[in-house]
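Colleague: I have a few questions about the terms used for this model. Can you take me through them?

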Amino acid sequence: MKIISYSIRDDEMPALKAWKSQHPDVEVQVESENLTPETASKAQGADAAVTFQQAPYTKEVLEELQKLGVNKLSLRNVGIDNIDLPVAEKLGFQITNVPVYSPNAIAEHAAWLMGRLLRRVPEYDAKIKQRDLRWAPEIGREMRMQTVGVIGTGHIGRVLINILQGFGAKVVCYDIFQNPEIKAADLYVDSLDELYQQSDIITLHVPSVKENIHMINADSIAKMKDSVIIINVARGDLIDTDDLLKALDNGQVAAAGLDVYEKEVGIFNKDWAGQPVPDANLEDLFRRQNVIVTPHTAFYTETAVENMVQKSFDASLQLIKGETPDTLVKY
Ligand SMILES: NC(=O)c1ccc[n+]([C@@H]2O[C@H](COP(=O)([O-])OP(=O)(O)OC[C@H]3O[C@@H](n4cnc5c(N)ncnc54)[C@H](O)[C@@H]3O)[C@@H](O)[C@H]2O)c1
């Protein structure tokens, strides 16, 4: 049995070595490059491929793999939006992904963003760099005094609720599908408008489906408390960045913690040292001391990366053995 793995990063190697040592009967070919029409030929002789990339899985890529008899694809990440699914289905591809790898990684990141903004860390960092060690005027706020509105109570939202309750914060939630435990704890409000009215901090944990795109915009911000803090560790296009910038300018939004950005593809996870990033709104966000931008690093923990590697290779092996992994993507 042979698996070819594309886009393998150095930080994935410990988990990959561990998986290989547990599966001595499987040959694993390791490639650092993305899967492209050019690199697809490296899959010659493999039974399956394991991948992780933002670049598209085009018709050409899929056809090249198919020609080599490789039509089992296991993603180390969740997103399948960059796969030409109609073509994949036509070519008989079996695809798996890793929908849940460590909700805690993302939930903790959201909590840290809130904590850093509440305690004015970016402003103090800037002052301390200048050796200005005075307290005022950056007085902090305590988490236990906040009402936090959690939008989306799926895997990540639920972990975050526990973390926030540990701090003593009041949590209110909204989800189009109510989770029985959260419902029993009486944490749901009936509408997003209600959540907007009550929350000092609003944090997003919903997918970027059509209905949710730009759900945070001038209209929704107008319904929020003045000086609200907005956290987005979900998907960049949930927020209309132009509207957020205006609300940061006029103080309607006091601060924002953003791990995702609507035009992040091609910008995040690259070194721009010594030059501005090619996006004026993102540069504007970087310059603000009441905004923290992290380049989609919420998922990036040792535990999550280990889970992504293990789960994707386990699923790949199941496909090779003719078994049906739980994470098989349905067309
Ligand atoms: N920053 C990162 O590194 C990172 C990593 C993983 C996931 N994510 C993102 O986090 C988000 C949540 O992931 P998850 O694993 O918790 O997903 P999930 O599917 O477990 O939960 C999503 C929840 O959102 C709810 N929902 C959908 N639309 C809604 C709406 N309009 N209003 C209220 N609720 C709505 C769903 O009913 C569901 O309960 C996704 O956008 C995902 O892409 C980000």
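Modeller: Below, the terms are set against their cut-offs.

Modeller: This is a predicted model, where local features need pLDDT of at least 70, side-chain atom pairs count only at pLDDT 80 or more, and totals for chains, interfaces and linings use all residues. Residues are numbered from 1 along each chain as its sequence is written, and side-chain values use heavy atoms, with hydrogens and water left out.

Colleague: What makes the link between Asn212 and the ligand a polar contact?

Modeller: A polar contact to the ligand is a pair of N or O atoms within 3.5 Å. A side-chain N or O atom of Asn212 sits 2.7 Å from a ligand nitrogen. So this pair qualifies. Arg235 also reaches the ligand: its side chain has an N or O atom 3.2 Å from a ligand oxygen. Phe299 uses a backbone N or O atom, 3.1 Å from a ligand oxygen.

Colleague: How do you know how much of the ligand the protein buries?

Modeller: Accessible areas come from the Shrake-Rupley method with a 1.4 Å probe. The ligand alone exposes 870 Å², and the protein buries 83% of that.

Colleague: Why are strand 1 and strand 3 called paired?

Modeller: Strands are DSSP runs (E, at least two residues). Two of them pair if DSSP finds at least two bridges between them. Strand 1 (residues 2–5) and strand 3 (residues 48–51) have three bridges, in the parallel sense. Therefore they pair. Ile4 has Ala49 in strand 3 as its bridge partner.

Colleague: What makes strand 2 and strand 5 edge strands?

Modeller: The open sheet has five strands, ordered 2-1-3-4-5, with parallel pairing. Strand 2 (27–30) and strand 5 (94–96) each pair on one side only.

Key:
A polar contact is a pair of N or O atoms within 3.5 Å; within protein, one must be able to donate a hydrogen and the other to accept it, and residues adjacent in sequence count only if both atoms are side-chain atoms. Helices (H or I, at least four residues) and strands (E, at least two) are DSSP runs, numbered from the N terminus.
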